[in-house]
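The following exercises concern salt bridges and nonpolar cores. Each task is followed by a solution in steps.

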Amino acid sequence: MIAALGRILILASLFASAAGALLGFAAGRSRSLDGLNWARRFAYLYAGLIIGAAFLMEYALLTHDFSVGYVAQVGSRSVPTWVTIVSLWSSLEGSILFWGFVLGAYVGLATYFTRGKYVEYQPDAIGVWLSCAAFFSFLIAGPANPFLTVSPAPLDGPGPNALLQNHVLMAIHPPFLYLGYVGMTIPFGFACAALLKGRLGHGVLKPLREALMLPWIFLTIAIMLGGWWAYEVLGWGGYWAWDPVENASLLPWLTATAALHSIMVVERRGILKGWTVTLVQATFLLVILGTFMTRSGVFNSVHSFTQSAIGPTILAFLAVALLFCIGLLAFRIDKLESEGRMEGAASREAMFLVNNLLFVLLTFTVLIGTVFPLIVEALNGKQMSVGRPYFDSMVIPIGAVLLFVLGVGPALPWGRATSEQVKKALLPPLATAIVFAAVGWFANIRSFWTLLTIAFGGYAAHVTLGQMFLPMLQRMKRGEAATTAFVEGQLSRGRRRFGGYIVHAAVMGAFIAIAVSSSMRQQTELHFTKGQTQKVSGFDLTFLGADQRSEPHRTSIVGRFAVARDGKPVTTLEPRMNQYEGMREPIGTPDVHTTAGGDFYLALSNIDLTNQTTSITVYAAPLVVWIWISVVVMGLGALFGLVPSRRRAAAASQVREPLPEGATETA
Amino acid sequence: MGKKIVLLLVVTLSLGAQTLKVPDAAQFVGQPQGTPVTGAQLTRRTNEIGGLLRCPVCQGMSVADSPAEMAVNMKGQVHELLQRGYTEEQILTYFERSYGQFVLLRPKFEGTTTLVWLLPAVALLIGAAVLVVTFRRLGRVPATSNQQPPTAPDDAYLSRVRDLVSGGKS
Amino acid sequence: MNRTVLFVGVAIAAVLLGILFLGLGKNPNDIRSPLIGKQAPSFTLREVGTGRLVDLATLKGKPVVLNFWATWCAPCWEEHPVLVANARMFEPNVQFLGVVFQDEESKILNFLQQRGSSYPTVVDDKGKTAIAYGIGGVPETFFLDANGVIAAKHNGPMSPDILQANLQKVMR
């Protein structure tokens with residue numbers, strides 16, 4: 001019964017989104033407010049239907065209704081409740097339904113928040129949003145249907161993939177990733193609407209920027225969570241291996257970050273409109289490419305699914321979307337006229353262009369590296385790999401230059417700058433750069449790229465801190481007290497700016513933490529018998545013994561270790577080998593002792609319960625935790641910048657004026 | 001008696017002649033061309049070269065990072081070959097011979113594979129050229145003059161006022 | 001209409017979509033062996049149980065089916081009866097040889113005693129033979145012709161059809 005109801009809801013969502021899309025585009029051409037209102041109603045209807053379907057599936061999972069195909073596939077009576085909830089997105093079909101759920105939420109909210117505003121762009125934006133929605137509903141209704149009926153219904157199911165039950169991060173990473181990925185549909189709609197209308201007016205920049213910023217925050221956190229999960233769970237002591245699936249999440253993030261910067265140039269100078277719109281479209285297309293990469297089975301990756309009809313269907317959508325964007329750009333980009341000009345090369349807007357060049361270069365490099373094995377196989381049938389050594393060699397230098405530009409850009413003023421101004425802005429931070437590098441040298445860091453990164457980080461820190469508190473300092477110069485100056489200058493009025501500089505400071509922190517933790521990492525392989533103590537990386541490690549622990553869904557062999565430093569006990573670590581039912585090879589789980597100074601990480605290579613011996617690999621790396629913290633601060637800084645200030649919100653609400661019917665295009 | 005001794009010797013020698021023989025790198029890449037490595041340097045180099053070899057049973061992990069037994073065997077081979085004085089190139093060639101180019105995580109500078117190293121460099125040059133051209137183009141005064149002038153962000157009210165006051169001048 | 005945008009865009013689209021389309025239908029985990037057409041690496045390994053040394057070179061003159069396996073691998077259990085039966089069938093024209101690595105002799109002996117054996121099984125030393133043959137997982141089977149050249153390789157469990165098809169390649 002539930003399965004049938006689910007199928008009905010999905011089909012209804014398909015019709016609602018298809019009809020709404022057509023209405024939206026029609027209203028965009030005819031400029032009819034009535035047509036727009038109908039499109040909006042269908043948008044809400046689509047949202048309600050698809051969200052309903054998702055809740056229905058959750059209900060089926062929680063009540064263990066094995067007559068529903070997806071529940072029979074991933075449900076189980078013997079797994080904890082949180083695993084049952086999470087299994088909605090644990091497997092292919094459910095995850096596409098989850099995509100629909102997130103898309104429905106975004107479309108509903110975007111439709112709500114644009115009520116009465118941006119009436120010029122709304123119809124086409126809704127048309128684009130609902131076209132994407134229709135595709136995903138089609139996917140759920142057809143090739144990826146989770147609501148198939150299973151008859152006779154089995155009594156129990158196998159449960160979701162064992163790897164997913166290993167760590168609670170698996171519950172959080174996919175939702176964040178989807179909130180990021182799927183959210184890129186909304187700014188995509190605005191960008192296409194701007195091209196269809198032939199203008200990117202000042203008024204639509206704010207929703208475009210905010211619609212881009214919110215998913216960007218989620219995607220940033222999602223990427224970090226993915227790395228953190230790999231670190232805590234996979235046991236190889238690292239967090240990023242340039243696996244195709246990891247790259248899939250990174251590619252749209254790179255273009256979205258470039259777009260967020262380029263949009264600032266549009267706001268300030270009225271130039272780079274076409275370029276910004278291109279970047280937003282590229283972001284969405286990379287999202288679709290990313291989802292193709294993860295689901296199609298074409299790429300050799302940790303995340304592989306077997307090939308099915310879903311892959312070609314997504315590829316078809318990618319093709320249609322790509323050609324639509326190219327057509328739109330080719331025929332309409334010249335209509336997005338520049339309103340201003342760039343004054344000089346030593347200006348902030350010039351640095352924004354360099355920033356964009358570097359981000360696009362990074363995107364291109366990561367993309368090329370990921371698809372290159374496919375290219376070679378298509379050209380001459382040879383099978384080859386492009387792995388971590390390639391990506392590290394390419395990305396590290398580009399990243400270092402990007403960090404440098406992060407320092408130089410905010411130092412330069414907007415517009416033309418005299419050589420005096422340039423010298424005054426660019427020379428003093430060099431001192432901080434040298435100090436930072438010296439500190440790194442004394443901390444025994446000898447790697448060239450790490451020292452360079454630290455130096456650039458120091459440069460950027462000097463500039464960022466200076467710029468960050470500029471409004472406050474200016475107010476204090478005029479006689480304001482420090483606290484009011486801070487509250488008014490930074491928190492009430494200058495939120496966007498302050499938030500932006502917090503993000504930059506966090507980026508510096510992340511770069512330095514990554515560079516230092518990678519180049520100063522110590523990896524040692526040791527063999528222990530019970531009771532044996534060995535010195536490693538400044539710690540005394542004692543093997544207390546191997547125990548077996550049984551849980552309903554797995555059996556683990558645990559190696560207990562006592563960690564001490566200078567005779568004082570620090571902690572006990574328990575890395576494990578887990579044997580899940582139905583999986584041939586056991587999956588190891590490492591254990592990490594994390595401090596602000598660094599991580600002490602144990603992973604089991606093998607462990608013998610009978611002989612009480614074990615072989616382990618010990619990784620010791622400084623500053624690792626600051627990578628995760630920095631990225632969270634990035635998200636918080638951006639979130640802070642999104643909060644509207646009271647004064648501006650009031651002003652904006654007074655300028656709600658829909659274009660009168662039949663109005664002709666003005667500039 | 002002498003004949004028995006000779007027979008015994010022949011049998012022993014022929015038995016000894018057939019010994020355990022596993023395939024060795026020497027068969028495929030010849031004699032070691034570098035110097036033997038020892039101590040901490042040996043561990044470091046084993047991990048470095050292990051990082052260049054792809055574990056054939058895992059998805060994308062390197063031999064240095066993977067706990068799979070096949071990877072541990074391969075890493076052991078790398079360790080031994082380094083001890084005997086084989087160079088990195090010889091070791092990589094040895095594994096490439098039996099596993100194919102697939103096992104090399106760092107693409108070779110050879111034939112079609114060089115492209116993956118060259119294309120980003122080409123992209124950088126093209127991008128830089130586009131940048132220079134864009135600098136020049138954006139430095140010119142815009143052709144149309146009935147656009148709204150650039151305004152402070154989010155101040156839509158102010159931009160309307162400016163519009164009315166300036167009468168549409170750029 | 002902006003010709004540059006159109007040209008660049010269509011070029012990117014064509015290349016990207018073309019590559020991805022060609023990738024469909026291919027299995028990225030199916031890695032072809034570079035040893036096909038080359039001389040099989042020689043080895044002399046100890047037979048399990050008897051301790052007798054078996055030299056691959058002595059088997060030249062007739063085709064050899066070289067099967068790498070282990071007792072902990074489930075597909076190996078499936079294919080074992082197929083190999084045993086076919087070894088008997090093609091005797092003495094084709095020599096079957098099993099190589100086990102990463103395993104314990106007692107387990108191997110147990111397995112063979114329970115499930116039967118009609119050809120020699122040798123044990124690898126530290127996986128070196130496996131590395132020389134480019135073994136990624138088990139089971140993997142090589143088909144050598146009478147001159148010791150590897151004519152074909154099959155990854156995964158052996159079925160009668162695959163076995164017959166590959167044997168035809170080497171039995172000329």
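**Exercise 1.** Determine whether Arg32(C) and its partner Glu377(A) are buried, partly exposed or exposed.

Solution. Buried means under 20% relative accessible area, exposed over 50%, and partly exposed in between (1.4 Å probe, protein chains only). Arg32(C) has 45% relative accessibility and therefore counts as partly exposed. Glu377(A), at 18%, counts as buried. The two form a salt bridge (a side-chain nitrogen of Lys or Arg within 4 Å of a carboxyl oxygen of Asp or Glu), with the closest N and O atoms 3.9 Å apart. The pair crosses between chains, from the loop between helix 1 (3-23) and strand 1 (44-47) of chain C to helix 14 (residues 348-380) of chain A.

This is a predicted model: local features need pLDDT of at least 70, side-chain atom pairs count only at pLDDT 80 or more, and totals for chains, interfaces and linings use all residues. Residues are numbered from 1 along each chain as its sequence is written, chains are lettered from A and ligands numbered from 1 in the order written, and side-chain values use heavy atoms, without hydrogens and water.

**Exercise 2.** Analyse the salt bridge between Glu525(A) and Lys75(B).

Solution. The N to O distance is 2.8 Å. Glu525(A) lies in strand 1 (residues 522-529) of chain A and Lys75(B) in helix 4 (residues 69-83) of chain B, so the pair joins two chains. Glu525(A) is partly exposed at 44%, whereas Lys75(B) is buried at 11%.

**Exercise 3.** Identify the salt-bridge network that contains Arg44(B).

Solution. Shared partners join Arg44(B), Arg45(B), Glu48(B), Glu88(B) and Arg106(B) into one network.

How values were computed. Helix = DSSP H or I, 4+ residues; strand = E, 2+ residues; numbered from the N terminus.
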